[in-house]
Amino acid sequence: MSSLYKEIAISLAREIDEGVYEPGDKVPGIRELKLSRKVSVSTAVAAYRQLEEDGYIEARARSGFYVSKRRSVQFAEPSLESLSKRPGLVAEKARVLLLTEQLNKSGVVKLGAAVPDGHFLPGQWLKRVSAELLREQPLSAVLYEDPLGAADLRQQLCKRMKLLRCGCRPQDLIVTSGCQEAVFLALKALTRPGDVVALESPSYHGHIQLLDALGLKAIEIPSDPRKGISLEAFQLAIEQWPVKVCLLIPNFSNPLGSCMSDARKKKLVSLAAEHSVHLIEDDIYGDLDFANKRPLPLKAWDKHNNVTYCSSFSKTLAPGMRIGWLLNSALIEAVEYQKIITNVAVSSLPQHIIARVLQSGRYEKHLRYVRQELQQSMQKMRAAVARYFPRETRMTSPSGGYVLWLELPGNVDAVEVSELMIRKNISVAPGPMFSANGKYQNYMRLSFAVAWNADIEKAIQALGRCIYAKSSAQG
Ligand SMILES: Cc1ncc(COP(=O)(O)O)c(C=O)c1O
């Protein structure tokens with residue numbers, strides 16, 4: 001039966017989410033499913049069992065299966081915030097440190113940080129590759145690497161970038177210690193303290209903290225859960241303020257999950273070039289499209305080296321290996337200098353391990369597995385939120401990436417909720433972490449890159465109870 005039943009369950013769940021079947025509708029019977037999908041009865045039964053478990057459908061005696069009355073599709077998507085009145089320095093800091101602290105604590109249900117559960121990662125495969133490498137080239141693990149990165153890895157990265165229509169030479173990119181360092185190096189090379197940087201809003205807290213560390217001012221551009229950054233608001237902002245750089249996540253953003261269309265990407269790239277605004281794109285989630293249609297990065301439309309591409313393997317292979325990269329030939333010299341004076345080069349062993357993994361040609365197969373697991377986990381989380389949260393809750397339905405973004409009833413303070421939940425060993429990321437000036441008080445990010453089990457379900461239930469209590473106590 002393998003994972004065929006999972007694929008069927010995922011595609012039916014999506015049809016339900018998209019409204020093909022409404023709450024209360026009867027879904028095709030086992031026999032119909034068997035014929036239409038050309039599968040065995042046991043596979044069809046297993047798919048329906050999975051959907052039942054996830055709260056999508058319910059069985060009625062002697063009548064068949066029906067879409068559950070309280071489906072998550074009734075939860076609309078979060079609303080947009082307005083454009084910032086003026087650029088400002090970053091406010092939030094302590095909360096990010098708290099979230100990072102929770103990461104390594106045992107016994108905490110970690111719904112806050114966008115960090116993959118171990119079962120998404122190919123631990124055994126990486127172990128085999130590193131043993132092989134140490135046996136064959138023991139010195140490669142201990143010598144300093146070229147500051148630009150190991151030649152074998154850069155060659156493989158060029159091959160991947162070519163597939164994304166960003167053909168480049170090995171000397172056009174630099175290997176970094178994760179995507180965070182790539183973004184840091186790009187900002188450092190392109191800005192001076194006091195410069196204005198446009199961020200999509202809500203934005204990834206790691207980006208906001210980088211602006212803080214570099215003394216940069218943020219202007220927050222509203223972003224849509226499906227379409228991504230508002231081009232109209234972006235244009236208004238760059239006409240009004242001396243914006244130096246725009247830093248964004250065009251593919252499956254964190255926390256919104258939005259993915260820009262090709263047309264919007266193209267328009268953004270030309271708008272930015274026209275106004276001499278440099279784009280830094282963080283494409284860390286780009287490989288995680290649930291439909292297996294890898295979206296192109298902004299860089300694919302860049303004709304003038306006005307886009308700096310940053311990514312890493314932290315969400316797909318091994319966050320602990322800290323292997324990321326930055327691509328922009330025009331910036332390499334400045335970035336390489338900064339890299340040398342800070343930490344010479346990235347650790348050698350992880351670079352060669354990742355190079356071998358890419359050489360093996362099995363990375364795509366691994367990605368298909370991770371995407372399917374993530375999509376299932378997302379559907380379970382959406383179903384659990386639909387079961388346990390107040391009806392006024394709104395939530396995203398991303399088509400890739402790691403996270404859900406929730407708008408809670410207006411009177412619920414997500415920071416208070418997160419503080420109460422941490423006492424119960426459940427960590428969540430409250431909305432204000434995703435704004436440079438404390439917006440999103442009643443919003444929350446949940447990561448679905450978790451191994452789904454009864455504890456997670458219970459944690460969502462406890463979270464829902466707390467939010468119910470807060471919304472009625474203060475309402
Ligand atoms: C959008 C985004 N960029 C960068 C990072 C950090 O990536 P890395 O661990 O590769 O430095 C994360 C991690 O959560 C992220 O979500």
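Visitor: Which residue in β9 stands opposite Cys-246?
Guide: The model is predicted: local features need pLDDT of at least 70, side-chain atom pairs count only at pLDDT 80 or more, and totals for chains, interfaces and linings use all residues. Residues are numbered from 1 along each chain as its sequence is written; side-chain values use heavy atoms, without hydrogens and water. Strand β8 (residues 243-248) runs parallel to β9, joined by 4 bridges (strands pair if DSSP finds at least two bridges between them). Opposite Cys-246 in β9 is Leu-279.

Visitor: How many residues of β9 are buried?
Guide: Strands (E, at least two residues) and helices (H or I, at least four) are DSSP runs, numbered from the N terminus. Buried means under 20% relative accessible area, exposed over 50%, partly exposed in between (1.4 Å probe, protein chains only). His-278, Ile-280 and Asp-282 point one way, Leu-279 and Glu-281 the other, and all are buried. For β9 (residues 278-282) the count is 5 of 5.

Visitor: Which atom type of the ligand is 2.6 Å from the side chain of Asp-282?
Guide: Asp-282 is among the closest of the 14 residues around the ligand (a residue is near if one of its heavy atoms lies within 4 Å). The partner in the Asp-282 side chain is an N or O atom. On the ligand side, the atom is a nitrogen.

Visitor: What is the distance from Lys-315 to an oxygen atom of the ligand?
Guide: A polar side-chain atom of Ser-314 lies 2.6 Å from a ligand oxygen. For the Lys-315 side chain, an N or O atom sits at 2.7 Å.

Visitor: How much of the ligand's accessible area does the protein cover?
Guide: Accessible areas come from the Shrake-Rupley method with a 1.4 Å probe; for residues, only the protein chains shown count as cover. On its own the ligand has 400 Å². The covered part is 91%.

Visitor: Which helix gives the largest share of the shell around the ligand?
Guide: The shell divides into 6 nonpolar, 5 polar and 3 charged residues (Ala, Val, Leu, Ile, Met, Phe, Trp, Tyr, Cys and Pro count as nonpolar, Asp, Glu, Lys and Arg as charged, the others, Gly among them, as polar). The largest share is 3 residues, from residues 178-190, helix α7.

Visitor: Which strands stand at the edges of the open sheet of 4 strands?
Guide: The order is β12-β13-β16-β15, with antiparallel pairing. Each edge strand has a single partner, so one side of each is left without a neighbour in the sheet. The edges are β12 (394-395) and β15 (429-430).

Methods: A polar contact is a pair of N or O atoms within 3.5 Å; within protein, one must be able to donate a hydrogen and the other to accept it, and residues adjacent in sequence count only if both atoms are side-chain atoms.
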